Amino acid sequence: MGLFSRFSSKRSTANEPQVDASVLAIVAPATGNVVTLESTSDPAFSGRAMGDGVAIVPTEGTIVAPVSGTVGAIFPTGHAFAVATDDGATQVMVHIGIDTVQLNGTGFTAHVAQGERVSAGQPVVTIDLKKIADAGFDPTTFVVVCERPSGTSLREHETGPVSAGDELLWLS
């Protein structure tokens, strides 16, 4: 530590959490109940073919960005999108519902466009849970890490309640 850094840097105290800069926190895109991928009825996700992560059974209709970065893809129907982190090394996909692509966008309102920069926790899509349920579709929302640096590990939030914006997955 240099002479001037002692005067200009903030000193940590025992009450402040120590954040590991090598961990990427991925936030919950929805408020609801976290379930394991294996407990869902979508074979592409339950078998982890799409990537590692968790699912959320949403109880509210606002879907937010799981990480800060660029929207790499958003389906015209609004039922799925992916965000690449600013360094481009990690991509997180959010897929809203099982077979909801068949709704052709009914019940989904996108608030961002492909190529747009978003911040973690920023609203990306609003869903009408009643319309989705009335049409006979399961609104379970999948959060999977599609691309990540080799040699990294992913820790998952335990099952149970979560709020949009809460930390959900940790990539280290």
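Trainee: How many bridges join strand 4 to strand 10, and in which sense do the two run?

Mentor: Start with the idea. Strands of a sheet pair through backbone hydrogen bonds, either parallel or antiparallel. Two strands pair if DSSP finds at least two bridges between them. Strands (E, at least two residues) and helices (H or I, at least four) are DSSP runs, numbered from the N terminus. Here, 3 bridges join strand 4 to strand 10 (residues 123-127), and the two run antiparallel. One contact to look for: Val-64 has Pro-123 in strand 10 as its bridge partner.

Trainee: What kind of model is this, and how are residues numbered?

Mentor: This is a predicted model, with residues numbered from 1 along each chain as its sequence is written. Local features need pLDDT of at least 70, side-chain atom pairs count only at pLDDT 80 or more, totals for chains, interfaces and linings use all residues, and side-chain values use heavy atoms, with hydrogens and water left out.

Trainee: Which strands form the open sheet, and in what order?

Mentor: The order is 4-10-8, with antiparallel pairing. Strand 4 (62-64) and strand 8 (108-110) stand at the edges. Each has a single partner strand, so one side of each is left without a neighbour in the sheet. From one strand to the next, the twist averages 25 degrees. Such angles run from 0 to 180 degrees between N-to-C directions, with axes as lines fitted to C-alpha atoms, for helices over the stretch in contact.

Trainee: How many helices and strands does the protein have?

Mentor: The protein has 3 helices and 14 strands.

Trainee: How much of strand 11 is buried?

Mentor: Buried means under 20% relative accessible area, exposed over 50%, and partly exposed in between (1.4 Å probe, protein chains only). In strand 11, 7 of the 10 residues are buried, and the strand is mostly covered. Strand 3 (residues 52-58) pairs with strand 11 in the antiparallel sense over 5 bridges. There, Val-54 stands opposite Val-143. Strand 7 (residues 91-98) also runs antiparallel to strand 11, joined by 7 bridges. Gln-91 has Glu-147 as its bridge partner in strand 11.

Trainee: How many aromatic pairs are there?

Mentor: A pair of aromatic rings is described by the distance of the centres and the angle of the planes. Rings of Phe, Tyr and Trp (its six-membered ring) pair if their centres lie within 6.5 Å; planes under 30 degrees apart count as stacked, over 60 as edge-to-face and the rest as tilted. The count here is 1 aromatic pair. Phe-45 and Phe-142 have ring centres 4.1 Å apart and planes at 10 degrees, so the pair is stacked. Phe-45 lies in helix 2 (residues 43-46) and Phe-142 in strand 11 (residues 138-147), 97 residues apart.

Trainee: Are these two rings' residues buried or exposed?

Mentor: Phe-45 is buried, at 4% relative accessibility. Phe-142 is buried too, at 0%.

Trainee: Which strands pair with strand 14?

Mentor: Strand 1 (residues 24-27) is joined to strand 14 by 4 bridges, running antiparallel. Leu-24 has Leu-171 as its partner. Strand 12 (residues 154-156) is joined to strand 14 by 3 bridges, also antiparallel. Glu-156 partners Leu-169. In strand 14 (residues 167-171), 4 of the 5 residues are buried, so the strand is largely enclosed by the rest of the structure.

Trainee: Where does the charged end of Arg-155 sit?

Mentor: A charge sits over a ring if NZ of Lys or CZ of Arg is within 6 Å of the ring centre and within 35 degrees of the ring normal. The charged end of Arg-155 is over the ring of Trp-170, 4.1 Å from its centre.
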